[in-house]
Amino acid sequence: FFFDHRAPMSIDLGFGGDISIERVSTETTPDEPTPNEPVSGTLSKASLGSAPHDPSFYGSPFARTVPDRETIPEAGMPARYCERMIQDYHLLDYNERLNTSTYVNVVFEPEEERVAVMGMKINLADQTVYPSSFQLHDEVVNMLGHLWSVPQPADGQVAGAGCVGSTEATLLAGLALKFRWRDWYKKKHGLTDREVRGVYPNLVMSSMYQACWEKFFKYMDVEPILVKPSHKTMKVSGKELAEKCNDRTIAVVGIMGNHYSGHYDPIWDINDAVEKLNAENGWQIGIHVDAASGGFIAPFQDNLPAWDFRCKNVLSISASGHKFGQSVCGTGWVVWRQRKELSEHVAVSVSYLGGKGDSYTLNFSRPASGVYVQFYKFMRLGLSGYRELETNMMTNARIIREGMKCMMKHGKPRFVILDAGDEHCLPVVTAMLNPELQLAYDAIRLQYVIAESHWYVSAYKMQFTHPLTEQSEPLFRDREGDQTMFRIVVKSNLTAKLALHLLKTLESACEFLDEHSDNHITIKMKQRMQNQSHAHLHC
């Protein structure tokens with residue numbers, strides 16, 4: 001199946017040795033035998049030898065071969081064998097439900113899994129053939145617009161689009177802002193279209209940005225002007241952002257829940273600063289809200305100041321549906337305040353699929369799975385369900401945070417808590433090992449000891465790679481970049497019971513590192529640490 005069966009195959013064992021085993025015949029057909037039928041005809045008799053005709057994968061010759069990683073096999077195999085092979089690959093991954101390093105939702109009901117599979121067959125770009133599915137898409141956009149307080153459009157349809165994650169949503173929002181600025185700048189300075197294209201625009205935001213903005217700066221030819229916050233606050237003020245703006249600034253970005261610590265930038269304060277800036281200089285700078293994580297958390301938190309379209313200068317909001325929106329991986333959303341001078345800049349009219357429709361996305365063909373599942377979750381949970389999820393996640397984050405505060409060493413706290421606390425933030429616990437303890441290990445080593453107990457926690461240095469120079473810089477203005485920290489993202493599946501187990505695992509890992517030297521670190525842990533200087537954990 002996988003190899004030329006005319007000669008034995010030698011497998012490199014990776015420890016200075018190898019083994020020679022028989023090759024499986026390529027004389028196969030993709031027909032799948034039923035449990036009551038022999039596999040004769042599916043595999044050659046030579047490859048089966050005198051073994052019983054076991055229809056299971058593990059009773060077949062495929063179980064004693066290694067797939068060729070470079071070429072597609074000449075012949076196929078039964079469907080259930082393919083499924084089993086992929087399951088065995090996944091078996092070697094970490095348990096996705098114990099992965100606290102990512103924000104991506106990993107739990108689904110059987111009904112929504114069936115909905116997702118149904119959406120795999122639907123090309124949402126073909127609005128003429130699938131008008132009802134696209135109507136469902138537009139209904140989800142309207143629901144999001146209402147959730148984020150967008151001004152009601154005259155035609156009743158909110159300007160927005162379903163995207164492949166918040167990365168595509170961010171790129172679209174950034175492009176709309178760039179084209180909006182270009183029209184304004186051309187008129188102000190009396191430039192031609194060609195001349196204005198030679199002017200290098202910029203965008204102002206915190207250094208706590210996600211990877212999607214690196215792509216925006218590189219792909220869309222926009223200069224990043226970054227403001228470094230204090231490690232004590234992990235957010236930037238409106239004043240700090242406004243001081244960096246000029247007439248080439250297409251927008252400022254406020255982050256509703258940075259991925260490092262879950263802090264919210266004060267959009268309400270940024271709005272006031274931008275309003276004053278525009279009035280004093282005759283500019284038209286707007287705000288984009290990067291709500292990749294906070295877009296489905298902040299609306300359900302009481303007494304939070306206005307952060308969405310209630311703020312006059314907020315022109316667009318992007319969010320990940322697959323994070324706290326509880327949809328399937330690859331779901332994102334962008335919503336604009338209006339079409340005029342914003343979403344109209346990125347609309348492309350398509351007519352060759354049998355009808356006419358506007359496309360607002362960077363890619364074209366895409367499955368309806370994410371949109372279907374997002375609609376399912378809105379109907380399944382309702383506002384009250386999302387509110388209950390927010391309460392549960394924030395409560396369980398508090399359990400972890402308070403438990404960490406109780407962990408002591410030599411009469412001093414073992415950890416310094418860096419996150420925003422119990423309200424008006426994401427359900428994230430962020431900390432660093434207490435520098436006063438002068439421990440012989442850092443958070444990255446702690447991460448890998450924790451991983452030996454199945455849990456996965458993100459650890460990284462307090463630094464980032466500048467998107468243009470590609471040089472490492474300190475993330476904060478008041479901390480060296482070599483300082484390490486770690487975060488725990490509390491998603492809906494991290495229950496109170498699991499939170500307590502994670503705390504015990506964290507405490508045991510610290511005690512292990514307290515007592516053991518490098519010689520006692522496992523080979524697997526050393527191999528992992530060799531490749532990690534600092535991590536870009538943006539999911």
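Here are a few worked exercises on this predicted model.

**Exercise 1: strand S4 and its neighbours**

Work out how covered strand S4 is, and which strands pair with S4.

*Solution.*
- Start with burial. S4 spans residues 202-206, and five of its five residues are buried, so you can call the strand mostly covered given that buried means under 20% relative accessible area.
- Next, look at strand S5, residues 223-227. S4 and S5 pair in the parallel sense, with five bridges between them. To find your way around this pairing, pick Met205, which stands opposite Leu226 in S5.
- Now trace the connection. Leaving S4, the chain passes through helix H7 (residues 211-219) before reaching S5, and this β-α-β crossover is right-handed.
- Then turn to strand S6, residues 249-255. S4 and S6 run parallel too, joined by three bridges. Here Val204 is a handy marker, with Val252 as its bridge partner in S6.

**Exercise 2: cysteines**

How many disulfides does the structure hold, and are Cys425 and Cys510 buried or exposed?

*Solution.*
- Go for the disulfides first: the structure holds zero of them.
- Then check accessibility against the cut-off, where buried means under 20% relative accessible area. Cys425 comes out at 1%, so it counts as buried.
- Do likewise for Cys510: its relative accessibility is 0%, so Cys510 is buried as well.

**Exercise 3: the largest pocket**

Describe the largest pocket by its volume, its lining and the helices that supply that lining.

*Solution.*
- Begin with the volume, which is about 370 Å³.
- Move on to the lining, made up of 20 residues; Met143, Leu147, Pro299, Phe300 and Leu383 are the closest to the pocket's centre.
- Ask where the lining comes from. Helix H4 (131-147) and helix H10 (369-405) each supply at least two residues. H10 gives the most, with six residues.
- Finish with the chemistry: sorted by class, the lining has 13 nonpolar, four polar and three charged residues.

**Exercise 4: placing Ser327**

Where does Ser327 lie, is Ser327 buried or exposed, and what separation does its C-alpha atom have from that of Ala116?

*Solution.*
- Locate the residue: Ser327 sits in the loop between strand S8 (314-320) and strand S9 (332-336).
- Check its burial. The relative accessible area of Ser327 is 0%, so this loop residue is buried.
- Last, compare sequence and space. Ser327 and Ala116 are 211 residues apart along the chain, yet their C-alpha atoms are separated by 9.7 Å.

Definitions and conventions:
Residues are numbered from 1 along each chain as its sequence is written. This is a predicted model: local features need pLDDT of at least 70, side-chain atom pairs count only at pLDDT 80 or more; totals for chains, interfaces and linings use all residues. Side-chain values use heavy atoms; hydrogens and water are left out. Buried means under 20% relative accessible area, exposed over 50%, partly exposed in between (1.4 Å probe, protein chains only). Helices (H or I, at least four residues) and strands (E, at least two) are DSSP runs, numbered from the N terminus. Two strands pair if DSSP finds at least two bridges between them. A crossover is right-handed if, with the strands pointing away from the viewer, the path from the first strand over the helix to the second runs clockwise. A disulfide is a pair of cysteine sulfur atoms within 2.5 Å. On a 1 Å grid over the protein atoms alone, a cavity is a set of points where a 1.4 Å probe fits but cannot get out, and a pocket is an open set with protein on both sides within 12 Å along at least five of seven lines; lining residues have an atom within 4 Å of a point. Grid points are joined across faces, edges and corners, and a volume is the space filled by probe spheres set on the points. Ala, Val, Leu, Ile, Met, Phe, Trp, Tyr, Cys and Pro count as nonpolar, Asp, Glu, Lys and Arg as charged, and the others, Gly among them, as polar.
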